[in-house]
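Me: Could you walk me through the pockets and cavities in this one? I'd like to start with whatever is enclosed and then move outward.

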Amino acid sequence: MIAIINPKIENQSKTFTFDYSYWSHEPNDPNFIDQWKVYQDIGIEMLKHSFEGYNVCIFAYGQTGAGKSYTMMGARDDDGIIPNLCRDLFDRIVSHSDDTNSNNEDDTMYSVEVSYMEIYCERVRDLLNPKIKGPLRVREHPVLGPYVEDLSKLAVTSYEDIHEIIDEGNKARTVAATNMNETSSRSHAVFTIILTQMKQDHLTGLSSEKVSKISLVDLAGSERADSTGAQGTRLKEGANINKSLTTLGKVISALAELVIIQKKKL
């Protein structure tokens with residue numbers, strides 16, 4: 001539980017409850033939490049579920065300048081959730097492959113594909129192929145659900161491959177300076193990992209395939225035009241950012257209400 005005190009009004013505070021709350025302002029502080037600890041608390045469980053065959057999603061949400069991109073991507077020598085999860089993913093694949101090789105009953109093969117896109121002013125751009133003119137179309141598959149038509153998917157075999165792809169994608173991402181953030185993200189970025197596990201049982205001769213999707217999202221920050229000093233293009237970007245974040249909030253609220261209704265029926 002976190003309590004915030006208004007210094008202008010005596011004895012007035014607001015309390016908020018979170019699963020985790022971190023202090024990462026001063027490294028020498030005894031309560032300082034680094035990026036790896038954040039990944040341990042949030043990312044490891046999601047990666048575990050993806051190996052079990054579930055689709056998972058982690059996204060950073062908050063006001064512009066709050067540190068969303070830093071939390072998801074990190075800095076030059078301080079990896080965030082996305083690099084740490086990608087590195088851990090391949091460490092687990094190597095570990096699982098070694099365990100499988102020592103087990104004569106079945107073989108498991110792994111393949112990993114990644115895509116990287118941004119949603120800028122309600123239009124989808126492929127960050128791995130930024131030369132494509134015009135926005136990509138969002139389609140609905142009857143079985144697999146929503147997908148982006150013609151979005152690049154690249155096969156990777158190591159963390160180094162992913163690291164290079166992320167660097168290239170980040171260079172193509174739309175950023176701009178505002179009064180609140182010198183490198184404000186003007187788009188929502190979605191980095192997706194598709195993990196495929198193919199297993200062959202030597203005893204039965206049967207093969208099976210398990211596919212899971214890991215969506216790692218760095219949302220653009222909500223903002224107020226008077227605080228950011230946004231004008232012209234920046235103002236239009238901010239309006240679209242706030243519009244999409246409001247819609248996301250409504251979707252999450254609707255899903256939460258649905259869960260409550262289902263629990264009451266049980």
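**Cavity, pockets and a strand**

Reply: The model is a predicted one, and in it the largest cavity is lined by Ile119, Tyr120, Cys121, Glu122, Arg186, Ser187, His188, Glu237, Asn240, Ile241 and Ser244.

Me: How much space lies in that largest cavity, and how many cavities of 30 Å³ or more does the count come to?

Reply: About 30 Å³ of space lies in the largest cavity, and the count comes to 1 cavity of 30 Å³ or more.

Me: Which elements supply its lining, and how does the lining split by class?

Reply: Both β6 and α6 supply at least two residues to the lining of the largest cavity, with the largest share, 4 residues, coming from α6. By class, that lining has 4 nonpolar, 4 polar and 3 charged residues.

Me: Moving outward, what is the volume of the largest pocket, and which residues are closest to its centre?

Reply: The largest pocket holds about 1,500 Å³ of space, and of the 36 residues that line this pocket, Met117, Pro146, Val190, Lys213 and Ser215 are the closest to its centre. The elements that give two or more residues to its lining are β3, β6 (106–120), β8 (138–141), β9 (145–148), β13 (188–201), β14 and α6 (233–265).

Me: Which of those gives the largest share, and what is the make-up of the lining?

Reply: The largest share of the lining of the largest pocket comes from α6, with 8 residues, and the lining as a whole divides into 22 nonpolar, 9 polar and 5 charged residues.

Me: And the second largest pocket, what lines that?

Reply: The second largest pocket has a volume of about 1,000 Å³, and 29 residues line this pocket, of which Tyr20, Tyr22, Val38, Ile42 and Thr71 are the closest to its centre. Two or more lining residues come from each of α1 (35–51), β3 and α2 (68–72), and α1 gives the largest share, 6 residues. Its lining divides into 17 nonpolar, 6 polar and 6 charged residues.

Me: Let's switch to β3, then. Which way do its side chains point?

Reply: Along strand β3 (residues 56–60) the side chains alternate, with Val56, Ile58 and Ala60 buried on one face, whereas Cys57 and Phe59 point to the other face and are not buried.

Me: What about its pairing with β14: parallel or antiparallel, and what stands opposite Ile58?

Reply: Strand β3 and strand β14 (residues 207–218) run parallel and are joined by 5 bridges, and Ile58 stands opposite Leu216 in β14.

Technical notes
Residues are numbered from 1 along each chain as its sequence is written. This is a predicted model: local features need pLDDT of at least 70, side-chain atom pairs count only at pLDDT 80 or more; totals for chains, interfaces and linings use all residues. Side-chain values use heavy atoms; hydrogens and water are left out. Buried means under 20% relative accessible area, exposed over 50%, partly exposed in between (1.4 Å probe, protein chains only). Two strands pair if DSSP finds at least two bridges between them. On a 1 Å grid over the protein atoms alone, a cavity is a set of points where a 1.4 Å probe fits but cannot get out, and a pocket is an open set with protein on both sides within 12 Å along at least five of seven lines; lining residues have an atom within 4 Å of a point. Grid points are joined across faces, edges and corners, and a volume is the space filled by probe spheres set on the points. Ala, Val, Leu, Ile, Met, Phe, Trp, Tyr, Cys and Pro count as nonpolar, Asp, Glu, Lys and Arg as charged, and the others, Gly among them, as polar.
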